[in-house]
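Please open the model in your viewer and keep the sequence panel beside it, since each stop on this tour begins with a selection and then says what is to be found there.

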Amino acid sequence: MNFVLIAEQTLNGLQLGVMLFLLAAGLTLVFGIMNMVNLAHGALYMVGAYLTTFFYQQTGSYLLAVVLGLASTLVVGIVTELVALRTLYERDHLDQVLATFGLILFFNELVAILWGRAAIFSTIPDYLTGHVEFGVFRYPLYRLMIIGVGLAVAVLLWFVVSRTRLGMLIRAGASNRAMVAALGVNIRLLYTVVFGFGAALAGLAGLLAGPIYSVQPGMGELILIQVFVVIVIGGIGSIRGAFAGALIVGMVDTMGRAFLKPVLSTVLSPTAADAAGPALASMLIYLLMAVVLTFRPAGLFPAVR
Amino acid sequence: MSMTPRSWILVGLLALLAAVPPVAAYFDAPFYLDLLRRVMIFAIAASSLNLILGYGGMVSFGHAAYLGIGAYAVGVLGYYGIHNGCLQWGVAIGASALVALAIGAISVRTSGIYFIMITLAFTQMLYYLGISIEEYGGDDGMRLKLRSEFDFINLNNETAFYYLVLAILAFAILLVHRLVNSRFGRVIQAARSNEARTRAIGFSPYPYRLAAFVISGALCGLAGALLVNHTAYLTPEFMNWTRSGELMFMVILGGIATSAGPLLGAAALLLLEDVLQGWSLLPKEAVRDHWQLYLGVILVLVVLFARRGLAGLLPGKNE
Amino acid sequence: MNKLLETHQLRKSFGALIATDGVDFDVREGETHAVIGPNGAGKTTFIKQLSGELRPDTGRVSFGGEDVTALASQHRSRKGLARSFQITSIYRDFSALDNVALAVQAHAGHSFRFWKAARQDPLLIEPALKILQSVGLDKRINILAAELAHGEQRQLEIAMALATRPRLLLLDEPVAGMGTDESLRMVELLASLKDSKTIVLVEHDMDAVFSLADRISVLVYGRIIATGTPEEIRANKEVRAAYLGEEA
């Protein structure tokens, strides 16, 4: 193991972490404020990736495609909220799980009908394709940009949640829904705003992920389950928790995949390490979740109740 | 015990299933034997889920894990040349119970959204584990060399296998029925209905819930052992999270917390899949290739408008 | 007389709000001890600390001479402390008989019995029927609890508490929300229990309190400002100023 590899993997972990954060931030608020299980959040991530790719192919302008992709994901999110999810807030979790599971099937097939089942090719403009030199090693500019965008969103969210009236309502909503309603706040509007907010962030994650992961039906659910792990570790309803959880999960997963096998091979036979390394690496974040839950059942940063 | 109209209907359904093999043989349609055996295996799995989901109020989104563990127990032992059915199925049940104990010990302490996410996440962990073990085929899975071997029955005889699955289904339905009406079952239903009250009269819900979780996992593990014998193929896809969703949907579609519900739901969902995939009235590609689109819409509609499920159409009250 | 339940300097706050502020309180074996106080006086917080749903920040609760401060409600129930809730808390989707039989079951050995039907078990059914009769619900045993009238649901809650064979009944506003007839019947029922049970009664209905209680404690802003017989409480100036005066 050398410095270059470690530095590279650290940045990879950070990049996965901010990606998870973009998804977890919106979802944890939907969980916390509306007490609603929304499995279809991953579908919005997929929609964001597809629509941006589509607009980029059509317009040839990346910036325009990003704006259109974000806006249209936001619209899809709000329409879904108005048509299907809104009626589910008052239902029990079982209904929410099943109905949003149905929505996932629907969105995945719809995408498959429009663009086919195979992964589509998502590109980035030339000015984002290069590498940045860090003396002894170089790192892709695009991935650095993802990290930058993710951290900027984190700062922006921190500002909105801790410094604005909307943020105050969000915090109050996450810890005490009944009180916020009693104060005369239009709770339905707050729900729609929060949901739209989450949808846009999911779309942003999707459009950023497009060029580095494969854009295909079902892409949302693979990452969604990791996002659940993030939220469980961080604590439902907590943005801070989502941020910490996302970075921890991103790092642990990336490091595990990169270094577990070589580390194991120092104590096990090469064949045993070959077999156990990937298996253990793929389980690592779930084992981490189990450990956190054992000692902190409400996550690392539970929303104050 | 007196028989209600509902239990007569359930007995009638099982008798109908018992009459299928000779009829299918007469019409030379072995395909239906295969389809209904699959329905019954999923009905066993759905019954096990119904115990904790319907009666216990525990929304487990990870029940496919035990299907997978049961299947892997049979497949892996077979891979090493051990085909003894009693041993294979015993390991399937025991391993599922152990994993359920481990997952349950952590997840049953939580409730609501946490419980859903945790059960889902642990199942996904097992799914990835299955994918990453190259020895047993990894992503692709592996073929089962031989079906489980028993002294008293030959599973290679499709009809005999069918009747064994039917018998196990009848046993599973009876087991869940007795469990939920026993003292034990009253406690888990009480904890679902009103947890604060249950504590106030002196029960600690946790050990009862955990026990139900383990029993449910073990029974589902048996269904997994049946499933891998049925498909003769072992794949991590048994543990795919969508499979857990389908099991939940079967329970709801059939009628939650009813004895007949899981069987009705499994039959309805699998037959619906079969129909949607083979529908000749609509342009074929539009339906056959994208039947999940329609399934998704049906799922949303059932949840929003038909909460009592198919068993709600039967006479008598839900239990 | 023996003190069955006792609290020592019980204190509980939620953020800046001090809900229970150093409460010393005791219940003697066999008495009916009422706790009254204006809304927001901290009665519910106080009773939750007695039942074990809330832990005090500081202070002690002892029951039957034993320190139970750290015990959760199910463990206090096992020691003989039964409670009814201010907002009716029953199994709405169970029949009246099943509700009470379950409470009997909670105190009839462990419930890891998996096969025999609980509904046919005379060890559970017979005591449950007897208790339902004693609270006057014997004609309604097979009705779903959700379909009982409000007053009947409150009776059912008392029946469930009785079914745990408690040494102490903790009743949180048993008469709340009842019509005149219903509340008269409830007071009658409580009067019939009074001689055989030790009762802590939290109640707003002053007629009920003054006709049932042997002693009354007045809770205002998390403090007990007076404890005494109904006559003493009626005559107490501080109480009249702080509490009865408001209503006059």
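Select B:L36 in this predicted model and show the residues around it: leaving aside residues up to four places away in sequence, B:L36 touches B:L17, B:V20 and B:Y162. If you colour by secondary structure, you will find B:L36 in helix α2 of chain B, which runs over residues 30-55. Is B:L36 buried or exposed? Its relative accessible area is 16%, and because buried means under 20%, B:L36 counts as buried. Now add B:L17 to the selection and draw a distance between the two C-alpha atoms, which are separated by 7.9 Å although B:L36 and B:L17 stand 19 residues apart along the chain.

Next, bring chain A into view together with chain B. Here 39 residues of chain B are in contact with 48 residues of chain A, and the area buried between the two chains is about 4,000 Å², with carbon and sulfur atoms giving 79% of it. To see where chain B loses the most area to chain A, select B:I113, B:Y114 and B:M117, which together account for 17% of what that side buries.

Staying on chain B, select the helices α5 (112-132), α10 (241-254) and α13 (291-305), each of which supplies at least two residues of the side that touches chain A. The largest share comes from α5(B), with 14 residues. Colouring that side of chain B by residue class shows 27 nonpolar, eight polar and four charged residues. A search for salt bridges across the interface of chain B and chain A finds zero, whereas four residue pairs, both members at pLDDT 80 or more, are in polar contact between these chains.

Move on to chain C and colour it by its domain assignment, which gives domain 1 as residues 1-80 + 166-248 and domain 2 as residues 91-165. The centres of domain 1 and domain 2 of chain C, taken over C-alpha atoms, are 26 Å apart. Between these domains of chain C, 19 residues of domain 1 are in contact with 14 residues of domain 2, and the two bury about 1,200 Å² between them, 63% of it on carbon and sulfur atoms. Select C:R78, C:P166 and C:L189, since these supply 34% of the area that domain 1 of chain C buries against domain 2, more than any other three residues.

How many salt bridges are there between domain 1 of chain C and domain 2 of chain C? The count is zero, while six residue pairs, again with both members at pLDDT 80 or more, are in polar contact across this interface. On the domain 1 side, highlight α2 (73-78), β7 (168-172) and α6 (180-194) of chain C, each of which supplies at least two of the residues that touch domain 2. Of these elements, α6(C) gives the largest share, six residues. By class, the residues on this side of domain 1 of chain C divide into ten nonpolar, two polar and seven charged.

For the last stop, select C:D26, which lies in strand β2 of chain C, residues 17-28. C:D26 has a relative accessibility of 18% and therefore counts as buried. Its side chain is joined to that of C:R215 by a polar contact of 2.9 Å. Expanding the selection to contacts, and not counting residues up to four places away in sequence, you will see that C:D26 touches C:K3, C:L5, C:E6, C:E31 and C:H33 as well as C:R215.

How values were computed: Residues are numbered from 1 along each chain as its sequence is written. Chains are lettered from A and ligands numbered from 1 in the order in which they are written. This is a predicted model: local features need pLDDT of at least 70, side-chain atom pairs count only at pLDDT 80 or more; totals for chains, interfaces and linings use all residues. Side-chain values use heavy atoms; hydrogens and water are left out. Contact means heavy atoms within 4.5 Å. Buried area is the accessible area (1.4 Å probe) that two parts lose on being put together, summed over both. A salt bridge is a side-chain nitrogen of Lys or Arg within 4 Å of a carboxyl oxygen of Asp or Glu. A polar contact is a pair of N or O atoms within 3.5 Å; within protein, one must be able to donate a hydrogen and the other to accept it, and residues adjacent in sequence count only if both atoms are side-chain atoms. Helices (H or I, at least four residues) and strands (E, at least two) are DSSP runs, numbered from the N terminus. Ala, Val, Leu, Ile, Met, Phe, Trp, Tyr, Cys and Pro count as nonpolar, Asp, Glu, Lys and Arg as charged, and the others, Gly among them, as polar. Buried means under 20% relative accessible area, exposed over 50%, partly exposed in between (1.4 Å probe, protein chains only). Domain bounds come from an automatic or database domain assignment.
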